[in-house]
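This briefing concerns the protein shown below. It addresses helix packing, the composition of the helix contact, individual residues and overall totals.

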Amino acid sequence: MVNGAAGPTAALCRLSRPGTLASRGGTWQGARMADTPPSAAGGILIALCTIGGTVVGLTQGQVTIGFLAGLVIGSLGAVAIWLRDHRR
């Protein structure tokens, strides 16, 4: 039997408490969820602006400048989102 409990090892298996996945108290299931909403993520702005700046720089023949400009613009946007979220 592959997954069945047979023989002397069957006594070693612990059953979970009713309505839970854990077999003992004090696990993560007993904790309450956080009351605060999740924070806003500005990292996507850094990624998109960096890629967009690279594409614009590529069309202008200045890939490095486009990359750096996109990185700065995206970082400023991420900081602005963080500041707005931090004040909530």
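In this predicted model, α1 and α2 are roughly antiparallel to each other, because their axes cross at roughly 155° and an angle over 145 degrees falls in that class. The two axes come within 7 Å, and α1 passes α2 in a right-handed crossing. Residues on both helices make the contact, and none of the contact residues is charged.

**Helix packing**

- Two packed helices are described by the angle between their axes and the distance between the axes.
- On the α1 side, the contact is made by L45, I46, C49, T50, G53, T54, G57 and L58.
- On the α2 side, the contact is made by V63, G66, F67, G70, L71, I73, G74, S75, G77, A78 and I81.
- The residues of this contact divide into ten nonpolar and nine polar, with no charged residue; glycine is counted here among the polar residues.

**T50 within the contact**

- T50 is placed in helix α1 and is one of the residues through which α1 meets α2.
- Its relative accessibility is 11%, so T50 counts as buried under the 20% limit.
- Not counting residues up to four places away in sequence, T50 touches F67, G70 and L71; these three are listed on the α2 side of the helix contact.

**D85 and the segment before α1**

- D85 is located in helix α2, which spans residues 63-86.
- D85 counts as buried because its relative accessibility is 16%, under the 20% limit.
- Apart from neighbours within four places in sequence, D85 is in contact with S39 and A40.
- S39 and A40 both lie in the segment before α1, the helix of residues 43-60.
- S39 counts as exposed, because its relative accessibility is 56% and the limit for that class is over 50%.
- A40 has a relative accessible area of 35% and is therefore partly exposed, between the two limits.
- With neighbours within four places in sequence left aside, A40 is in contact with I81 and R84 as well as D85; I81 also belongs to the α2 side of the contact with α1.

**C-alpha separations across the sequence**

- S39 and H86 are 47 residues apart in sequence, and their C-alpha atoms are 8.3 Å apart in space.
- D85 and A41, 44 residues apart in sequence, have a C-alpha to C-alpha distance of 9.2 Å.
- A40 and A78 are 38 residues apart along the chain, with 9.4 Å between their C-alpha atoms.

**Whole-protein totals**

- The protein contains two helices and zero strands.
- Of its 88 residues, 12% are buried.
- Among contacts with a separation of 6 or more, 46% are between residues 24 or more positions apart.
- The accessible surface comes to about 7400 Å², and carbon and sulfur atoms account for 67% of that area.

Key:
Residues are numbered from 1 along each chain as its sequence is written. This is a predicted model: local features need pLDDT of at least 70, side-chain atom pairs count only at pLDDT 80 or more; totals for chains, interfaces and linings use all residues. Side-chain values use heavy atoms; hydrogens and water are left out. Helices (H or I, at least four residues) and strands (E, at least two) are DSSP runs, numbered from the N terminus. Buried means under 20% relative accessible area, exposed over 50%, partly exposed in between (1.4 Å probe, protein chains only). Contact means heavy atoms within 4.5 Å. Axes are lines fitted to C-alpha atoms, for helices over the stretch in contact, and angles run from 0 to 180 degrees between N-to-C directions. Angles under 35 degrees count as roughly parallel, over 145 as roughly antiparallel, 65 to 115 as roughly perpendicular and the rest as oblique. A crossing is left-handed if the near helix is turned anticlockwise from the far one by less than a right angle, and right-handed if clockwise. Accessible areas come from the Shrake-Rupley method with a 1.4 Å probe; for residues, only the protein chains shown count as cover.
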